[in-house]
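Here is a short briefing to read alongside the structure. Please take a look at the model first, and then follow the points below.

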Amino acid sequence: GTYTITLTLQTAGTHQLLITMGGQHVQKSPWDLYVRREYSTLCNPRQVISCINGRPSCIAIHDSGDIYVACWTDERIYVYDQDCQQKRIIRSIGSDDGQFNKPYGLFIKGDVMYVAEFGNHCIQKVTTGGLFLRKFGHHGSDYGQFDGPLSVIVDQRDRLIVSDSDNHRVVILDQAGTWLLTINGNVTGSHGFQNPKGLALDPQGNIHVAAYGSNTIKVF
């Protein structure tokens, strides 16, 4: 005869379906079943933010819900509310304290914002209102210097972690600007990497580095 069997599998992967009748295996039983997880693709965004004159390179969210967007080609940081309405623009072009030249990476902690400046080769620490607090680094390849930094994050110990892209390294420094550690990508073998860009920390404090120059993700 013909029988209909209905089942719901809760986990993805390979399963075996074993059917018995009267204590005997049904012919060709068991069967291998492969279950693939369903994924959804979001095609219609809830909101759209348009940086009219610039190319957005990074986004950071304040505790209030305000959205900060770095547009590095027009030297601006745009601030939007939760409804994606523009509130203000933080813009001062130049190389002096508090001025931006290709702001690329952003990180917000409390009411403090850290800006990785590709053009000025430094990290600026400002308030989320744009008030200058201090600057870290200048152009070069020695200690205390950067060449095209693209990202900055702050760990639980309040240390700055910077992707010093064109120097092919990741740098860790404290809030006083003291150079604590260099993760050098200019080494041979599996530990090497080129042009680090994106940075992230996992719950254990490991540093994840997206190195676009070597098409790798490194974990330190």
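Let's start with the cysteines: the disulfide count for this predicted model comes to 0. For a pair to count, the two sulfur atoms would have to lie within 2.5 Å. As background, a disulfide is a covalent bond between the sulfur atoms of two cysteines.

**Cysteines**

- Cys58 is partly exposed, at a relative accessible area of 23%.
- Cys122 counts as buried, with a relative accessibility of 1%.

**The chain as a whole**

- The chain has 21 strands and 0 helices.
- Buried residues make up 38% of the 220 in the chain.
- Among the contacts in the chain with a separation of 6 or more, 34% join residues that are 24 or more positions apart.
- The exposed area of the chain is about 13300 Å², and 48% of that area comes from carbon and sulfur atoms.

**The sheet E5-E6-E7-E8**

- Here 4 strands make an open sheet with antiparallel pairing, and their order is E5-E6-E7-E8.
- Strand E5 (56-61) and strand E8 (86-91) are the edges; each has a single partner strand, so one side of each has no neighbour in the sheet.
- On average, neighbouring strands of this sheet are turned by 20° against each other, direction ignored.
- Strand E7 (residues 76-80) runs antiparallel to E8, and 5 bridges join the two.
- If you would like a place to look along this pair, find Arg76, which stands opposite Arg91 in E8.

**The sheet E19-E20-E21**

- This is an open sheet of 3 strands, paired antiparallel in the order E19-E20-E21.
- Its edge strands, E19 (196-201) and E21 (216-219), each pair on one side only.
- From one strand to the next, the twist averages 20°.
- Strand E20 (residues 207-211) pairs with E21 in the antiparallel sense, over 4 bridges.
- Across from His208 you will find Val219 in E21.

**The E15-E16 hairpin**

- Strand E15 (residues 149-154) is largely enclosed by the rest of the structure, because 6 of its 6 residues are buried.
- E15 pairs with strand E16 (residues 160-164) in the antiparallel sense, over 5 bridges.
- Within this pairing, Ser151 has Ser163 in E16 as its bridge partner.
- The hairpin has 5 residues between the strands, and Asp158 there takes a positive phi near 70°.
- Asp158 is partly exposed, at 30% relative accessibility.

**Salt bridges**

- How many salt bridges does the structure hold? The count is 6, and three of them are described here, among them the pair Lys87 and Asp66.
- Lys87 and Asp66 meet through their side chains in a salt bridge of 2.8 Å, N to O.
- Because Lys87 lies in strand E8 and Asp66 in the loop between E5 and strand E6 (67-71), the pair ties together parts that are 21 residues apart in sequence.
- Are these two partners buried or exposed? Lys87 is partly exposed at 45% relative accessibility, whereas Asp66 is buried at 10%.
- A salt bridge also joins the side chains of Lys109 and Asp158, at 2.9 Å from N to O.
- That pair links distant parts of the chain, with Lys109 in strand E9 (residues 103-109) and Asp158 in the loop between E15 and E16, 49 residues apart.
- Lys109 is partly exposed, its relative accessible area being 34%.
- Asp158 therefore appears in two places in this briefing: it has the positive phi in the hairpin of E15 and E16, and its side chain meets that of Lys109, with a relative accessibility of 30% that puts it in the partly exposed class.
- The side chains of Asp155 and Arg159 form a salt bridge too, at 2.7 Å from N to O.
- Asp155 counts as buried, with 7% relative accessibility; the cut-off for that label is under 20% relative accessible area.

Key: Residues numbered from 1 in each chain as written. Predicted model: local features only at pLDDT ≥ 70, side-chain atom pairs only at ≥ 80, totals over all residues. Heavy atoms only, no water. Buried < 20%, exposed > 50% of the residue type's maximum accessible area, 1.4 Å probe, protein only. Contact = heavy atoms within 4.5 Å. Areas by Shrake-Rupley, 256 points an atom, 1.4 Å probe, with all protein chains shown as cover. Pairing = 2+ DSSP bridges. Axes fitted to C-alpha atoms, helices over the stretch in contact; angles between N-to-C directions. Salt bridge = Lys/Arg side-chain N within 4 Å of Asp/Glu carboxyl O.
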